[in-house]
Amino acid sequence: MLKFSSQFTKFGLVGLINTLIHALVLFAAVEVSKLHPVVGNFMAFLGANMASFIMNSYWTFKTAPEVRRYGKFLTSSLLALGLTLGIAGIFEFLGIHYGLGFLCIILLVPALNYWMLKRWAFAGH
């Protein structure tokens, strides 16, 4: 149980760092390079996702990054994004305040994404 808690804490810290990376890339793309915000967010997602993969590989799961593993990592990230959008959509459809949907997202999505990464992309680490 201690290993799970330590890994999950590291996973959470990597997530916070990558939120900052996403914000910085987005700002640079939109404000400095004058790109459309959708393009900027796409670039920011890719940059933050690759950084997350590298940090989670070395620090959280203690393994070297591999291309094959990145495919699984990216798939997991996209599934987490889909779950996030799905939860938000359900709350919107039901007329429930988006803040409650966001609370549901932050309580469920990171834990499920961690579980998927640990059991699939980084199985055995």
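A salt bridge is taken here as a side-chain nitrogen of Lys or Arg within 4 Å of a carboxyl oxygen of Asp or Glu. The structure is a predicted model, in which local features need a pLDDT of at least 70 and side-chain atom pairs count only at pLDDT 80 or more, whereas totals for chains, interfaces and linings use all residues. Residues are numbered from 1 along each chain as its sequence is written, and side-chain values use heavy atoms, with hydrogens and water left out.

A search of the whole structure yields two salt bridges. In one of them E66 is joined to R69, with the closest N and O atoms 3.9 Å apart, and in the other the side chains of E66 and R68 meet at 3.1 Å, N to O. Through these shared partners E66, R68 and R69 are joined into one network. The members of the network can be described by their accessibility, where buried means under 20% relative accessible area, exposed over 50% and partly exposed in between, computed with a 1.4 Å probe on protein chains only. R69 is buried at 6%, R68 is exposed at 53%, and E66, at 34%, counts as partly exposed.

The aromatic residues were examined next. Rings of Phe, Tyr and Trp (for Trp, its six-membered ring) are paired if their centres lie within 6.5 Å, and planes under 30 degrees apart count as stacked, those over 60 as edge-to-face and the rest as tilted. By this rule the count comes to 10 aromatic pairs. One of the pairs is that of F8 and Y114, which is edge-to-face because the ring centres are 5.2 Å apart and the planes stand at 80°. The pair links distant parts of the chain, since F8 belongs to helix α1 (residues 2-32) and Y114 to helix α4 (residues 98-121), 106 residues apart. Helices (H or I, at least four residues) and strands (E, at least two) are DSSP runs, numbered from the N terminus. F8 is partly exposed, with a relative accessibility of 29%, whereas Y114 is buried at 1%. Both residues also belong to one aromatic cluster, formed by F8, F11, F53, F61, Y70, F73, Y114 and F122.

Several of these aromatic residues recur in the nonpolar interior, where a nonpolar core is a set of buried Ala, Val, Leu, Ile, Met, Phe, Trp, Tyr and Cys residues joined through side-chain atoms within 4.5 Å. The largest such core has nine residues, namely F11, F53, F61, Y70, F73, Y114, L117, A121 and F122. Two or more residues are given to this core by α3 and by α4, and α4 gives the most, with three residues. Apart from this core lies another, of five residues, among them A80, I87, F91 and V109. Contact is defined by heavy atoms within 4.5 Å, and F122, not counting residues up to four places away in sequence, touches F53, N56, S57, F61, T63, R69, F73 and L117.

Helix α4 has G101, I105, V109, N113, Y114, L117, K118 and A121 as its buried residues. A kink of about 30° in α4 is centred on I105, the bend at a residue being the angle between axes fitted to the seven residues ending there and the seven starting there.

Polar interactions were found around T60 of helix α2, which is buried at 2% relative accessibility. A polar contact is a pair of N or O atoms within 3.5 Å; within protein, one must be able to donate a hydrogen and the other to accept it, and residues adjacent in sequence count only if both atoms are side-chain atoms. One such contact, of 2.8 Å, joins the side chains of T60 and N56, while the side chain of Q7 reaches the backbone oxygen of T60 at 3.3 Å. Q7 is placed in helix α1 and is likewise buried, at 5%. Leaving aside neighbours within four places in sequence, T60 is in contact with Q7, K10, F11, V14 and M55, and Q7 with T60, F61, Y114, K118 and H125.

Finally, positive phi values occur in two lysines. Phi of K34 is near 60°, and K34 lies in the loop between α1 and α2 (37-60), exposed at 64% relative accessibility. Phi of K62 is near 55°, and K62 is placed in the loop between α2 and α3 (67-93), where K62 is exposed at 57%.
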